[in-house]
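Have the sequence and the structure open side by side. The text below starts with one pair of strands and works outward to the whole chain.

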Amino acid sequence: MLNYEGAAPLDLVFQALADPGRRVMVERLARGPASVSDLAAPLDMSLPAVMQHLQVLEASGLVRSEKVGRVRTCRIEPAGLRKAEAWIAGRRAMWERALDRLGEYLAAQDDPAHPRRKS
Amino acid sequence: MTKRSADHATFVIERTYSAAPARVFAAWSTAEAKAAWFVGPAGKWSVLERKLDFRVGGRERVRGAIAGGPVTDFDACYFDIVPNERIVYAYGMHLDDRRISVSLATIEFKPQGTGTRLVLTEQGVFLDGYDDAGSRERGTRGLLDQLEAALRQAA
């Protein structure tokens with residue numbers, strides 16, 4: 001499940017991909033699930049640093065991880081991203097249209113001679 | 001058979017209007033004003049039913065037909081109203097007889113200079129993966145294109 005706490009989800013995706021280390025992690029996961037130590041192997045960074053990057057990737061909805069026993073397995077999550085992102089995009093578009101019209105309506109009240117003028 | 005699913009999401013939209021909070025609020029609280037802007041896609045949507053009982057516990061219903069498409073049904077119940085400041089309502093959306101989502105909408109009207117900053121927060125559950133009159137698919141395509149471009153750039 002995705003929970004963005006109000007942040008713009010696409011911003012989180014781009015933010016997540018802005019870091020070269022995280023891109024290496026995404027490229028690795030695009031080939032299949034991997035443990036945190038698998039992800040850390042090609043990177044010159046500590047395990048806690050890798051965990052922090054993993055948290056950013058998870059917050060963006062790009063990656064999901066699950067701990068079984070002592071091993072945390074990470075996988076790419078395009079499906080979850082697609083569903084929730086697409087729903088948000090659709091509903092946002094509906095609201096953007098409505099709020100544009102609200103602006104036109106308010107402007108028309110100010111200036112009845114030009115009812116379609118934008119504020 | 002319908003494949004069942006429930007996906008949760010939250011988003012925020014902010015707008016600034018030059019009109020004062022009382023006037024922006026009035027555009028939400030009276031049926032006549034709301035009918036001027038709270039409508040379906042321009043030129044493709046015609047209203048079938050519109051009712052607004054703007055008080056705590058009151059209901060709102062807006063049904064309309066998309067040309068060559070389904071009937072849209074917005075069914076809301078108001079839970080919190082602070083005049084000129086805040087509105088909270090829950091609403092369900094149907095396409096024909098399929099319930100596609102249930103949401104909680106919070107509209108905040110904040111003074112900004114002589115105008116208003118409107119903050120709309122929607123928290124919802126999107127049911128059974130139904131296409132929101134095509135916009136879901138367009139949203140998906142746009143997103144995947146952007147993601148692909150970002151990954152290509154990164155490579």
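In this predicted model, strands β4 (residues 71-82) and β5 (residues 86-95) of chain B run antiparallel to each other, and 10 bridges join them. One point to look for in this pairing is I81(B), which stands opposite I87(B) in β5(B).

The β4-β5 pair of chain B belongs to an open sheet of seven strands. Going across the sheet, the order in chain B is β1-β7-β6-β5-β4-β3-β2, with antiparallel pairing. Which strands form the edges? They are β1 (6-17) and β2 (45-52) of chain B, each of which has a pairing partner on one side only. On average, and with direction ignored, neighbouring strands of this sheet are turned by 15° against each other.

Next, the helix that lies across the sheet. Helix α1 of chain B, residues 21-29, lies across four strands: β1, β5, β6 (98-112) and β7 (115-127) of chain B. Relative to β6(B), α1 runs at about 160°.

The sequence order of the elements can now be set beside the order in the sheet. Chain B has three helices and seven strands, and along the sequence they follow the pattern β-α-α-β-β-β-β-β-β-α. In the sheet, β1 of chain B is next to β7, while β2 is next to β3.

Two figures describe chain B as a whole. Of its 155 residues, 21% are buried. Of the contacts between residues at least 6 apart in sequence, 43% join residues at least 24 apart.

Technical notes
Residues are numbered from 1 along each chain as its sequence is written. Chains are lettered from A and ligands numbered from 1 in the order in which they are written. This is a predicted model: local features need pLDDT of at least 70, side-chain atom pairs count only at pLDDT 80 or more; totals for chains, interfaces and linings use all residues. Helices (H or I, at least four residues) and strands (E, at least two) are DSSP runs, numbered from the N terminus. A residue is buried if 20 or more other C-beta atoms lie within 10 Å of its own, exposed if 12 or fewer, and partly exposed in between; C-beta atoms are placed from the backbone. Two residues are in contact if their C-beta atoms, placed from the backbone, lie within 7 Å. Two strands pair if DSSP finds at least two bridges between them. Axes are lines fitted to C-alpha atoms, for helices over the stretch in contact, and angles run from 0 to 180 degrees between N-to-C directions.
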